[in-house]
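This report goes through a single protein chain, from individual loop positions to the chain as a whole. Please keep the sequence and the 3D view open while reading.

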Amino acid sequence: MAIVTSKEMFKKAYDGGYAVGAFNVNNMEIIQGICDAAIEQRAPLILQVSKGARKYANHIYLMKLIEAAVEDAEQNAGFDLPICVHLDHGDSFELCKSCIDGGFTSVMIDASSKPFAENIEITRQVVAYAHDHGVVVEAELGTLAGVEDEVKVSAEDSSYTRPEEVEEFVSKTGCDSLAIAIGTSHGAYKFTPEQCTRNEKGILVPPPLRFDVLEEVSKRLPGFPIVLHGSSSVPQEFVKIINENGGKMPDAVGIPEEQLRKAASLSVCKINIDSDLRLAMTASIRQYLAEHPADFDPRQYLKPGRQAIKDMVAHKMVDVLGCNGKA
Ligand SMILES: [Zn+2]
């Protein structure tokens, strides 16, 4: 059985100058697409489940599907696929405990919106329970801006992680990895057009990531794994397919892949990618249905949807994360 914690994965990723991909899952096709790519690429893998995904698919279904993926890899691909099963954005001790009790090997406690002392207290509580059960904990310092924020990212330094806080936070909580805010953002609309410039093709270019903050954090926490959330790149070719096939996603924008590749080569050991998988799957399904208006068997469009997930994950592993061949 190769459901493991991220401890070894992160150590190797830190030393090897790459990052492990953390992909959000909520149904069978997504899990299969991601795992097929990981098997082919011989890549370590983090499958993460949000509170919403757990509500949608039910904890036990997701856990059994992931166990099935591990068994399938062993039996049919002859490969001991190492998968870390992680709770994304746990917002309470109870939720984290329920996932730990339910077989997850890693949880995130996100108390980043709380005051510093309270964040420390909640995180410490989760770490104590998790470590007692052989589970690792990701915590967060700093707040990721989203498109719904009224705040202008360029002028709002307080949303970035404050490097001067990280040593105290990590030593007092005992967390195993830390998500920081350096200018990434959740969703497919990471920045408003006003926050961006436009390139010659009229496509939005977001403000660059704050590598100075990442560097300062890494200096203060040598050897410690850093996590980036909100790190989809929102590839414009997929937005275009969606928009050409009945979709409506104007000005969707993400983080350029070169910047994520650079972060992966530094202390960032885990990069969360969710929106890009959604875009790939939706684009493929929209295109399929537009081209085959008479088809109505879900397998007909879910099959290319699953393939689109696999292709996107393989691309991320090889061209962005650098984790291919590392399992
Ligand atoms: Zn996140």
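## Two loop residues with positive phi

Asp251 lies in the loop between helix 9 and helix 10 (257–265). The model is a predicted one, and in it Asp251 has a positive phi of about 55° although it is not a glycine. Most residues other than glycine have a negative phi. Asp251 counts as partly exposed because 17 other C-beta atoms lie within 10 Å.

Val234 is another such case: its phi is positive, about 50°, and it is not a glycine. This residue sits in the loop between strand 9 (226–228) and helix 9 (236–244). Is Val234 buried or exposed? With 22 other C-beta atoms within 10 Å, Val234 is buried, whereas Asp251 is partly exposed.

## Helix 5

Helix 5 covers residues 93–101, and its buried residues are Cys96, Cys99 and Ile100. Viewed down the axis of helix 5, these residues fall within an arc of 100°, so they line one face of the helix. An α-helix has 3.6 residues a turn, so residues three or four places apart point the same way. Glu94 and Asp101 are exposed on the other side of helix 5.

What do the buried residues of helix 5 pack against? Their partners are strand 3 (83–90), strand 4 (106–109) and helix 6. Just after helix 5 comes Gly103, with a positive phi of about 105°.

## Helix 7

In helix 7 (residues 166–173), the buried residues are Val166, Phe169, Val170 and Thr173. They lie on the same side of helix 7, because the arc they cover around the axis is only 90°. Packing from this buried side involves helix 6 (116–132), strand 5 (136–141), strand 6 (177–180) and helix 8 (211–220). Helix 6 is thus a packing partner of the buried residues of helix 7 and also of those of helix 5.

The face of helix 7 turned away from the buried side carries the exposed residues Glu168 and Ser171. Glu168 is classed as exposed because it has 12 other C-beta atoms within 10 Å. Just after helix 7, Gly174 takes a positive phi of about 75°. The C-alpha atom of Glu168 is separated by 29 Å from that of Phe23, and the two residues are 145 residues apart along the chain.

## Strand 1 and its neighbours

Phe23 belongs to strand 1, where both faces are covered. Val20, Ala22 and Asn24 are buried on one side, and Gly21 and Phe23 are buried on the other. Why is strand 1 (residues 20–24) described as largely enclosed by the rest of the structure? The reason is that 5 of the 5 residues of the strand are buried.

Strand 1 pairs with strand 10 (residues 268–273) in the parallel sense, over 4 bridges, and Phe23 stands opposite Ile273 in strand 10. Strand 1 also pairs in the parallel sense with strand 2 (residues 45–50), here over 3 bridges. In this pairing, Ala22 is opposite Ile46 of strand 2. Between strand 1 and strand 2 the chain passes through helix 2 (residues 28–41), and the resulting β-α-β crossover is right-handed.

## The nonpolar core

In soluble globular proteins, nonpolar side chains tend to be buried together. The largest nonpolar core here has 101 residues, of which Ala19, Ile34, Leu47, Val107 and Leu178 touch the most other members.

Which residues does Leu47 contact, leaving aside its neighbours within four places in sequence? They are Phe23, Val25, Ile31, Ile34, Ile66, Ile83 and Val85. Phe23 is thus in contact with Leu47 and stands opposite Ile273 in strand 10.

## The chain as a whole

The protein chain has 12 helices and 10 strands. Its C-alpha atoms fill a box of roughly 60 × 50 × 35 Å along the principal axes. A compact globule of 327 residues would have a radius of gyration near 20 Å, and the 19 Å of this chain agrees with that.

Of the 327 residues, 49% count as buried. Among contacts with a separation of 6 or more, 75% are between residues 24 or more positions apart.

Notes. Residues numbered from 1 in each chain as written. Predicted model: local features only at pLDDT ≥ 70, side-chain atom pairs only at ≥ 80, totals over all residues. Buried ≥ 20, exposed ≤ 12 C-beta atoms within 10 Å, placed from the backbone. Arc of directions from axis to C-beta. Contact = placed C-beta atoms within 7 Å. Pairing = 2+ DSSP bridges. Right-handed = clockwise from strand over helix to strand, strands pointing away. Rg over C-alpha atoms; globule rule 2.2 N^0.38 Å. Core = buried A, V, L, I, M, F, W, Y, C linked by C-beta atoms within 7 Å.
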